[in-house]
Amino acid sequence: MLTITAALRDRIVAHARADHPDEACGVVAGPEGTDRPERFIPMLNAARSPTFYEFDSADLFKLYREMDDRDEEPVIVYHSHTATEAYPSRTDVSYASEPNAHYVLVSTRDEQTYEFRSYRIVDGVITEEEVNVVDAY
């Protein structure tokens with residue numbers, strides 16, 4: 001189960017809306033070993049595409065060095081789907097390289113509502129998990 005603050009969820013959704021019609025992407029880092037998302041890190045979709053996202057390799061390298069220096073890990077890896085449901089595509093599964101991360105997808109296909117769903121993706125197996133939204137940890 002993913003436990004996330006309403007404020008972090010809202011920031012992820014706002015990023016997805018702001019980048020629409022392109023897919024948005026980013027990370028929420030947290031202290032190593034805690035499974036607690038804390039630091040919101042919106043990233044640039046280097047693909048600038050409505051159907052695909054790609055982290056810029058230099059930005060990603062910099063982010064991982066920064067997380068290492070801060071004793072953090074990627075707790076959430078998120079991106080948006082602009083025209084489909086919030087469910088991992090085959091491409092999403094092939095790029096899922098963090099077995100301990102929660103993979104959050106936000107669908108912005110409807111201007112009035114959004115879907116916010118979380119998955120574990122390990123060895124190509126997708127498992128949807130409950131999202132528990134709290135005011136604070």
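Colleague: What does the relative accessibility of aspartate 10 tell me about where this residue stands, buried or exposed?

Modeller: Bear in mind that this is a predicted model, and read the value against the two limits, since a residue is called buried under 20% and exposed over 50%. Aspartate 10 has a relative accessibility of 39%, so this residue counts as partly exposed. Arginine 9, at 19%, is buried, and its side chain meets that of aspartate 10 in a salt bridge, with N and O 2.9 Å apart.

Colleague: How should I read such a salt bridge, and how many does the structure hold?

Modeller: The general idea is that side chains of opposite charge can pair when their charged atoms come close. In this model there are 11 salt bridges. One of them joins glutamate 115 to arginine 109 at 2.8 Å, N to O, and arginine 109 is partly exposed, with a relative accessible area of 48%. Another joins glutamate 128 to arginine 117, whose closest N and O atoms are 2.9 Å apart. That pair links distant parts of the chain, as glutamate 128 belongs to strand E7 (residues 125-129) and arginine 117 to strand E6, 11 residues apart. Glutamate 128 is itself partly exposed, at 42%.

Colleague: Which residues are linked in a network of salt bridges?

Modeller: The network is made up of Glu85, Arg109, Glu115, Arg117 and Glu128, and it therefore takes in both the bridge of glutamate 115 with arginine 109 and the bridge of glutamate 128 with arginine 117.

Colleague: Turning to the nonpolar side, which residues have the most contacts inside the largest core?

Modeller: In soluble globular proteins, nonpolar side chains tend to be buried together. Here the largest nonpolar core has 18 residues, and those with the most contacts inside it are Met43, Phe55, Leu63, Val77, Tyr103 and Ile121. Two or more residues each come from strand E2 (25-31), E3, helix H2 (57-69), strand E5 (102-107) and E6, with E2 giving the largest share, three residues. A second core, separate from this one, has 14 residues, among them Leu8, Val13, Val104 and Val106.

Colleague: What is valine 77 in contact with, once its neighbours within four places in sequence are left aside?

Modeller: Valine 77 is then in contact with Gly26, Tyr53, Phe55, Ala101, His102, Tyr103 and Val104.

Colleague: How many aromatic pairs are there, and how do I tell how the rings are arranged?

Modeller: The structure holds four aromatic pairs, and the angle between the planes decides the name, under 30 degrees being stacked and over 60 edge-to-face. In the pair of phenylalanine 40 and tyrosine 78, the ring centres are 6.0 Å apart and the planes meet at 10°, so the pair is stacked. Phenylalanine 40 lies in strand E3 (residues 39-43) and tyrosine 78 in strand E4 (residues 72-81), so that the pair links parts of the chain 38 residues apart. Phenylalanine 40 counts as buried at 14%, and tyrosine 78 is buried at 1%.

In the pair of tyrosine 87 and tyrosine 119, the centres are 5.5 Å apart and the planes stand at 85°, so this pair is edge-to-face. Tyrosine 87 lies in the loop between E4 and helix H3 (90-95) and tyrosine 119 in strand E6 (residues 115-122), so the pair ties together parts 32 residues apart in sequence. Tyrosine 87 is partly exposed, at 36%, whereas tyrosine 119 is buried, at 0%.

Key
Residues are numbered from 1 along each chain as its sequence is written. This is a predicted model: local features need pLDDT of at least 70, side-chain atom pairs count only at pLDDT 80 or more; totals for chains, interfaces and linings use all residues. Side-chain values use heavy atoms; hydrogens and water are left out. Rings of Phe, Tyr and Trp (its six-membered ring) pair if their centres lie within 6.5 Å; planes under 30 degrees apart count as stacked, over 60 as edge-to-face and the rest as tilted. Helices (H or I, at least four residues) and strands (E, at least two) are DSSP runs, numbered from the N terminus. Buried means under 20% relative accessible area, exposed over 50%, partly exposed in between (1.4 Å probe, protein chains only). A nonpolar core is a set of buried Ala, Val, Leu, Ile, Met, Phe, Trp, Tyr and Cys residues joined through side-chain atoms within 4.5 Å. Contact means heavy atoms within 4.5 Å. A salt bridge is a side-chain nitrogen of Lys or Arg within 4 Å of a carboxyl oxygen of Asp or Glu.
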